[in-house]
Amino acid sequence: MTLFRLEGRRALVTGASKGIGLAAAQQLTELGAEVTVAARHEDTLRPAAEAIGARWIVADVSTMEGVQAAVATAGDVDILVSNAGGPPPSLPSAVSEEAWDHGIQTTFMSTVRLASATLPGMRERGWGRIIAVTSLTVGRPALNLPVSNALRAAVTNHLRTLALEVAADGVTCNTVAPGYTATERLQKLHTDPAEAQKLQGRIPARRFGEPGEVAAAVAFLATQEAAYITGQELLVDGGWSI
């Protein structure tokens, strides 16, 4: 028997033109899944998709129209990976109503809508994986990321609750919570090399993670071997949360 393979499964990965989303799409493709990637910008999405052999669709999944377009392109989705770029940094007292509204649509409602759109088919077929990429700040809030802290926690608890409903239907719902990972967003949040080096020194692994290391956790949760894991948050943080 061949373990950890995904032949015959269809996957949809959002926010997949770069970083963790692209790494997850690549690993799912390598495991044999038929992958569709979605993101907002064709100039980065198209070459990324072509490089890994994935189908692609330009779609803004913070909107219902974008969700519908992405799901229609992917077909019968067996594996949903909901991934979205993080809201901009700010002090909690400085977040505007507009920023909260934008964050709710982009970070929270995108996952809610994607899950709602793909879940009926998963339940009908008796097999499905819903995986959201969140952050270690769900359990350890960062002062300058209040919107992300609140809404990624909402995603986590939504999928935990959904897991209770659909576990008997062969559908699992989990989150993967990355720690400090070497992505474009990390570079934007920590522009000072000395500050970045100091931060690495506080991580037990003494380094930032790689997108592929987070993607490996996503890929594992998508496999048949992870069928008895649901409602869980898998931290990939180099020991930061210990």
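Hi everyone, this is a short walk through the sheet, a pair of helices and one loop residue in the structure above. Please keep in mind that we are looking at a predicted model.

Let's start with the sheet. There are 7 strands in an open sheet, paired in parallel, and their order is S3-S2-S1-S4-S5-S6-S7. At the edges sit S3, residues 55–58, and S7, each with pairing on one side only. From one strand to the next, the twist averages 15°. Helix H2, residues 42–52, packs on this sheet and touches S2 and S3. The direction of H2 makes about 175° with that of S3.

Now let me zoom in on S6, which covers residues 171–178. As a reminder, in a regular strand the side chains alternate between the two faces of the sheet. So is S6 buried or exposed? All 8 of its 8 residues are buried, so the strand is largely enclosed by the rest of the structure. On one side we have Val-171, Cys-173, Thr-175 and Ala-177, and on the other Thr-172, Asn-174, Val-176 and Pro-178, so to speak two covered faces.

Who are the partners of S6? S5, residues 128–133, pairs with S6 in the parallel sense over 6 bridges. Along that pairing, Ile-131 stands opposite Asn-174, and Val-133 stands opposite Val-176. S7, residues 233–236, also runs parallel to S6, joined by 4 bridges, and here Leu-235 stands opposite Ala-177.

The connection from S5 to S6 is nice to trace on screen. S5, helix H5 (residues 146–166) and S6 form a right-handed β-α-β unit. H5 lies across S5, S6 and S7, and runs at about 160° to S6.

Next, two helices that pack together: H1, residues 19–30, and H8, residues 211–222. Their axes are 8 Å apart, at an angle of about 50°, and therefore the two helices are oblique to each other. The crossing of H1 past H8 is right-handed. Among the residues that meet there are Gly-19, Ala-23 and Leu-28 from H1, and Gly-212, Ala-215 and Ala-219 from H8.

Last stop: Asp-78. Where is Asp-78 placed? You'll find Asp-78 in the loop between helix H3 (64–74) and strand S4 (79–82). With a relative accessibility of 6%, Asp-78 counts as buried, because the cut-off is under 20%. Beyond its neighbours within four places in sequence, Asp-78 contacts residues including Arg-9, Arg-10, Arg-125, Trp-127 and Arg-129.

Thanks for listening!

Definitions and conventions
Residues numbered from 1 in each chain as written. Predicted model: local features only at pLDDT ≥ 70, side-chain atom pairs only at ≥ 80, totals over all residues. Heavy atoms only, no water. Buried < 20%, exposed > 50% of the residue type's maximum accessible area, 1.4 Å probe, protein only. Pairing = 2+ DSSP bridges. Right-handed = clockwise from strand over helix to strand, strands pointing away. Axes fitted to C-alpha atoms, helices over the stretch in contact; angles between N-to-C directions. Parallel < 35°, antiparallel > 145°, perpendicular 65-115°, else oblique. Left-handed = near helix turned anticlockwise from the far one by under 90°. Contact = heavy atoms within 4.5 Å.
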